[in-house]
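Work through the exercises below with the sequence and the structure at hand. Try each task before reading its solution.

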Amino acid sequence: MIVILKENINQEQLESLIQWLESLALNVQKIQGCGQTLLSLLGDTSGLDIDLIRALDIVEEVKRIQEPFRRSGRKFHPQNSILDINGIKLGDGHFQLIAGPCSVESEEQICGIAHAVKAAGAGLLRGGAFKPRTSPYSFQGIGDEGIRLLLEAKHQSGLPIVTEIMSLSQLPLFEEVDMIQVGARNMQNFELLKALGQLRKPVLLKRGISSTLEELLLSAEYILAGGNEQVVLCERGIRTFSNYTRNTLDLSAVPVLKSLSHLPVLVDPSHATGKSSLVPPMSLAAVAAGADGLLIEVHSNPPCALCDGQQALRPEEFHGLAKKIQCIRACLNEGSAGDGNV
């Protein structure tokens, strides 16, 4: 990190700043330029509050050289991470499809979809028991009963389950859930992230609707800092000026995140586009971009779905897409890299 100081600074203030920085176990080197003084900070600056330093009277600007995300970054963890989700591997060539309805509605619905997506090649079953909705009058999910039905679908199909948590108070209900999803609206719910860091359970962390990639990685850092190393990132579209699709799917996030971080990266084309017709082409593009897996909504009767039916594929459509994904991955010579289901 470089601290650029203002001209004609008070030397007493400068010495006080240097002493404080050195008390934080940092090696401070003073560089005297032509009319300007720089401080070079060597050591772990990931926990240093840039805004606090920038607000000092003698400081002109602060620039990071080292990324603030330490545990999720490649500098300290160069190898790709591989998650084990109840026997299903994800990351570093282990590609997985995570499929299921936006919301759990009934035992017949979720169990039927579970069998269908497994037959098509899905490795995990997704389904919402609790649903965060923009309007308080929209369907909010069936709650505890939804988790019970997901566990029944897991029992019948053998697929590990993924479902979204909304608050800390719900954590006891997720004891038997294989992977906990943190949705876009909760990406910066730091108390929830800290609690998930105390678990030893996989966490699927979605990018916030207006969040930068650095903010996503720093949210992952909260979980990793607690000791839970089982984190997977998910690009699900961001808000832009475009209104033709539900969100704008930022596929460039996939290679950027994979260059910055060792964590697996998923793509959710369903929530990104909001239209079932756009899910297949964006899924194939995500695979070509290097995604480690896809999160796809599948419903047996989309027009009658209680939530987001317009973006759900029918089981037969999902089956056809899974075959195309297999072809794309074969073309990219990734098929032999892992033992994913697709």
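**Exercise 1. A buried charged pair**

Task: Are aspartate 268 and lysine 206 buried or exposed? Then find where each sits in the chain.

Solution. Start with accessibility. Both aspartate 268 and lysine 206 are buried. Buried means under 20% relative accessible area, exposed means over 50%, and partly exposed lies in between (1.4 Å probe, protein chains only). A note on the source: this is a predicted model, where local features need pLDDT of at least 70 and side-chain atom pairs count only at pLDDT 80 or more, while totals for chains, interfaces and linings use all residues. Residues are numbered from 1 along each chain as its sequence is written, and side-chain values use heavy atoms, with hydrogens and water left out.

Next, check the pairing. Aspartate 268 and lysine 206 form a salt bridge, with the closest N and O atoms 2.6 Å apart. A salt bridge needs a side-chain nitrogen of Lys or Arg within 4 Å of a carboxyl oxygen of Asp or Glu. Now place the partners. Aspartate 268 is in the loop between strand S13 (265-267) and helix H8 (269-273), and lysine 206 is in strand S11 (residues 203-206). The two are 62 residues apart, so the pair links distant parts of the chain. Helices (H or I, at least four residues) and strands (E, at least two) are DSSP runs, numbered from the N terminus.

**Exercise 2. More salt bridges**

Task: How many salt bridges does the structure hold? Describe the pairs of aspartate 250 and arginine 54.

Solution. Recall the principle. Side chains of opposite charge can pair when their charged atoms come close. The structure holds ten salt bridges.

Take aspartate 250. Its side chain meets that of arginine 207 in a salt bridge (3.0 Å, N to O). This pair also links distant parts of the chain, 43 residues apart. Aspartate 250 lies in the loop between strand S12 (231-235) and helix H7 (253-260), while arginine 207 lies in the loop between S11 and H6. Aspartate 250 has a relative accessible area of 18%, so aspartate 250 counts as buried. Arginine 207 is buried too, because its value is 5%.

Take arginine 54. Its salt bridge is with glutamate 61, and the closest N and O atoms are 2.9 Å apart. Arginine 54 has 34% relative accessibility, so arginine 54 is partly exposed. Glutamate 61 is partly exposed because its relative accessible area is 28%. Finish with the network: Asp51, Arg54 and Glu61 are linked by salt bridges.

**Exercise 3. Helix H3**

Task: What span should helix H3 have at 1.5 Å a residue? Which of its residues are buried?

Solution. Count first. H3 covers residues 107-120, which is 14 residues. The expected span is 1.5 Å times one less than the number of residues. That gives 20 Å, and the end C-alpha atoms are 20 Å apart, so the two agree.

Now list the buried residues: Gln109, Ile110, Cys111, Ile113, Ala114, Val117 and Ala120. They pack against strand S7 (96-100), strand S8 (124-126), helix H4 (144-157) and helix H10 (315-331). Contact here means heavy atoms within 4.5 Å. Last, look past the end. Glycine 121 follows H3, and its phi is positive, near 120°.

**Exercise 4. The largest cavity**

Task: Which residues line the largest cavity? Which strand gives the most to its lining?

Solution. On a 1 Å grid over the protein atoms alone, a cavity is a set of points where a 1.4 Å probe fits but cannot get out, and lining residues have an atom within 4 Å of a point. The structure holds one cavity of 30 Å³ or more. About 50 Å³ of space lies in the largest cavity.

Read off the lining: Arg126, Gly127, Gly128, Lys131, Val162, Thr163, Glu164, Gln181, Lys206 and His271. Strand S9 (residues 161-165) gives the most, with three residues. Lys206 appears in this lining, and lysine 206 is also the salt-bridge partner of aspartate 268.

**Exercise 5. The whole chain**

Task: How many helices and strands does the chain have? What share of its residues is buried?

Solution. Count the elements: ten helices and 14 strands. Of the 342 residues, 51% are buried. Finally, the C-alpha trace spans about 75 × 45 × 40 Å along its principal axes.

Definitions and conventions:
1 Å grid on protein atoms, 1.4 Å probe; cavity = no way out; pocket = protein on both sides within 12 Å on 5 of 7 lines; lining within 4 Å. Points joined across faces, edges and corners; volume = space filled by probe spheres on them.
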